[in-house]
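Subject: Structure handover and notes

Hello,

Please find the structure below, followed by notes on what was found in it.

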Amino acid sequence: LKLRVTLLAAGFVIGASGASIREIMRHTGSTIPSWTQHPEIGGYHRPCRVFCIQGTSEAVMTASSIIHEAVERYKELCEGKRRG
């Protein structure tokens, strides 16, 4: 499963020196290589981070859910800063 995430949100998911993403992999038993994907002509307009979640279907689903929750939490924190 591949997830594309903005670079700023990806930093939140990865954590300091990769601590958060390593914890997600340890907790779920998944492997999550990631890389920066640069804009393509006729494609994405901004660079993003691609997470490729690998493992059992349960591990992939759990890791995907954790990453989605982290991105949503990042969005909430950013929106909170803009409001207040």
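A residue is called buried under 20% relative accessible area, exposed over 50%, and partly exposed in between, using a 1.4 Å probe and protein chains only. This is a predicted model, so local features need pLDDT of at least 70 and side-chain atom pairs count only at pLDDT 80 or more, while totals for chains, interfaces and linings use all residues. Residues are numbered from 1 along each chain as its sequence is written, and side-chain values use heavy atoms, with hydrogens and water left out.

Salt bridges

A salt bridge here is a side-chain nitrogen of Lys or Arg within 4 Å of a carboxyl oxygen of Asp or Glu. The whole structure contains 3 of them by this search.

In helix α3 (residues 57–83), Glu76 pairs with Arg73 at 3.5 Å, N to O. Glu76 has 48% relative accessibility and counts as partly exposed; Arg73, at 44%, is also partly exposed. These two are 3 residues apart in α3 and are therefore separated by about one helical turn. Helices are DSSP runs of H or I with at least four residues, strands are runs of E with at least two, and both are numbered from the N terminus.

Lys75 and Glu72 form another salt bridge, with their closest N and O atoms 3.4 Å apart. Both lie in α3, again 3 residues apart, about one turn of the helix. Lys75 is partly exposed, at 41% relative accessible area, and Glu72 is partly exposed at 40%.

In helix α2 (residues 19–28), Arg26 and Glu23 are 3 residues apart, so about one helical turn separates them. Their side chains meet in a salt bridge of 2.6 Å, N to O. Arg26 is exposed at 58% relative accessibility, whereas Glu23 is partly exposed at 37%.

Helices α1 and α2

Which residues of α2 are buried? They are Ile21, Ile24 and Thr28. Around the axis they cover an arc of only 55 degrees, so they sit on the same side of α2. The arc is taken over the directions from the helix axis to the C-beta atoms. Arg26 and His27 are exposed on the other side of α2. Gly29 follows the helix with a positive phi, near 80 degrees.

In helix α1 (residues 7–14), the buried residues are Ala9, Ala10, Val13 and Ile14. Viewed down the axis of α1, they fall within an arc of 140 degrees and therefore line one face of the helix. Gly15, just after α1, takes a positive phi of about 80 degrees.

Strands

Strand β1 (residues 2–6) has Leu3 and Val5 on its covered face, and Lys2, Arg4 and Thr6 on the uncovered one. In a regular strand the side chains alternate between the two faces of the sheet. β1 runs antiparallel to strand β3 (residues 48–52), with 5 bridges joining them; two strands count as paired if DSSP finds at least two bridges between them. Lys2 stands opposite Cys52 in β3.

Cysteines

How many disulfides does the structure hold? The count is 0, a disulfide being a pair of cysteine sulfur atoms within 2.5 Å. For Cys48, the nearest cysteine sulfur is that of Cys52, 13 Å away. That separation is too far for a bond, which is why Cys52 is not linked to Cys48. Cys48 is buried at 7% relative accessibility, and Cys52 is buried at 11%.

Nonpolar core

A nonpolar core is a set of buried Ala, Val, Leu, Ile, Met, Phe, Trp, Tyr and Cys residues joined through side-chain atoms within 4.5 Å. The largest one has 17 residues, and those with the most contacts inside it are Val13, Ile21, Ile32, Phe51, Ile53 and Ile67. At least two core residues come from each of β1, α1, α2 and α3. The largest share, 6 residues, is from α3. In soluble globular proteins, nonpolar side chains tend to be buried together.

Ile21 of α2 illustrates the packing. Apart from its neighbours within four places in sequence, Ile21 is in contact (heavy atoms within 4.5 Å) with Val13, Ile14, Ile32, Phe51 and Ile67.

Regards
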